[in-house]
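Work through the exercises below with the sequence and the 3D view at hand. Try each task before reading its solution.

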Amino acid sequence: MRKIKKWHLWLIVAITLAIAVALICINLYVVNNTALIVLIVIDFIIMTFALNSAITMTVRFKPKPKKYPNKAFNYNPDKLLDNLLKQGFKENKVSYGNIYTKVCKDVGYKITIITSAYNYLNVDNEKVKTSNNKNTTFKNCTKFIGAEVFLDYEDNENRILKSIPDFSFQGKNIYYEAFYFDKETNLLHEPNIIKIDDEFAPYVNDLKIKYLLLTDEYGNNQEKL
């Protein structure tokens with residue numbers, strides 16, 4: 001069965017409307033014609049269904065893309081990796097990049113550097129495994145501060161870039177944020193700046209300034225992701 005097109009529906013609406021007008025005009029000159037009344041009712045039913053379907057196919061809701069507060073920083077990713085080791089982070093190499101962990105008293109830090117977008121999207125088992133390791137590393141922590149830095153974020157369907165703003169969130173005992181690095185401009189983008197709760201403020205400040213080296217701000221960029 002061939003799929004009906006929207007112009008077919010609008011054609012049916014136009015035809016049934018013309019028939020309805022004609023039947024109503026005829027009905028003005030015909031007295032007590034039950035059959036004519038029935039035809040008018042049927043015609044209006046067909047026209048109503050066709051009109052609703054035509055409007056549905058013609059007017060489709062397109063949600064506006066969300067705009068997030070964001071920043072960009074002049075950046076050298078090589079300095080980031082060296083700095084994390086100098087700051088006492090433990091390095092764990094995985095297929096999609098490196099995971100750096102550190103515990104300061106009761107605060108656990110985890111920074112994931114993604115160097116392979118393909119492996120990041122396709123190695124689910126490894127992601128679960130490394131996530132479970134966090135339970136041992138941070139078992140005595142009461143707060144968890146994390147970040148994902150995408151040095152490679154390109155995939156065929158652009159899934160990572162579209163989703164990065166949603167990777168950033170804040171909960172009762174956790175603060176997590178995502179960043180991506182544009183190799184062409186040497187800018188590290190913070191696509192979704194979260195309003196930091198007071199209890200997290202000093203730790204997030206360490207994350208951004210001391211560990212991620214977000215000191216050379218390029219400017220405010222209102223990007224559409």
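**Exercise 1.** Decide whether Glu-217 is buried, partly exposed or exposed, then find its salt-bridge partner.

*Solution.*
- Start with the classes: buried means under 20% relative accessible area, exposed means over 50%, and partly exposed lies in between (1.4 Å probe, protein chains only).
- Glu-217 has 37% relative accessibility, so it counts as partly exposed.
- Next, the partner. A salt bridge puts a side-chain nitrogen of Lys or Arg within 4 Å of a carboxyl oxygen of Asp or Glu.
- Glu-217 forms one with Lys-71, and the closest N and O atoms are 3.8 Å apart.
- Glu-217 sits in strand E9 (residues 217–219) and Lys-71 in strand E1 (residues 71–74), so the pair ties together parts that are 146 residues apart in sequence.
- Helices (H or I, at least four residues) and strands (E, at least two) are DSSP runs, numbered from the N terminus.
- Lys-71 is partly exposed too, at 29%.

A note on the model: it is predicted, so local features need pLDDT of at least 70 and side-chain atom pairs count only at pLDDT 80 or more, while totals for chains, interfaces and linings use all residues. Residues are numbered from 1 along each chain as its sequence is written, and side-chain values use heavy atoms, leaving out hydrogens and water.

**Exercise 2.** How many salt bridges does the whole structure hold, and which residues does Arg-159 join into a network?

*Solution.*
- The search of the whole structure finds five salt bridges.
- Arg-159 pairs with Asp-155, with 4.0 Å between the closest N and O atoms.
- Arg-159 also meets Glu-157 in a salt bridge, at 3.7 Å from N to O.
- The shared partners join Asp-155, Glu-157 and Arg-159 into one network.
- Now check exposure. Asp-155 is buried at 17%, Arg-159 is partly exposed at 41%, and Glu-157 is exposed at 56%.

**Exercise 3.** Count the disulfides and place Cys-141.

*Solution.*
- A disulfide is a pair of cysteine sulfur atoms within 2.5 Å.
- By this rule the count is zero.
- Cys-141 is in no disulfide, and the nearest cysteine sulfur, that of Cys-104, lies 8.9 Å away.
- Cys-141 is buried, at 19% relative accessibility.
- Cys-25, at 38%, is partly exposed.

**Exercise 4.** Which strand pairs with E2, and how do the two run?

*Solution.*
- Two strands pair if DSSP finds at least two bridges between them.
- Five bridges join E2 (residues 90–94) to E3 (residues 97–104), and the strands run antiparallel.
- One bridge pairs Val-94 with Gly-97 in E3.
- The two strands form a hairpin, with two residues between them.

**Exercise 5.** Locate Ser-116 and Lys-6, then list their contacts beyond neighbours within four places in sequence.

*Solution.*
- Contact means heavy atoms within 4.5 Å.
- Ser-116 is in the loop between strand E4 (107–114) and helix H4 (117–122).
- Ser-116 is buried, at 17%.
- Leaving those sequence neighbours aside, Ser-116 touches Ser-95, Tyr-96 and Asp-152.
- Lys-6 belongs to helix H1 and is partly exposed, at 41%.
- With the same neighbours set aside, Lys-6 is in contact with Met-57 and Thr-58.
- The C-alpha atoms of Lys-6 and Thr-56 are separated by 9.1 Å, though the residues are 50 apart along the chain.
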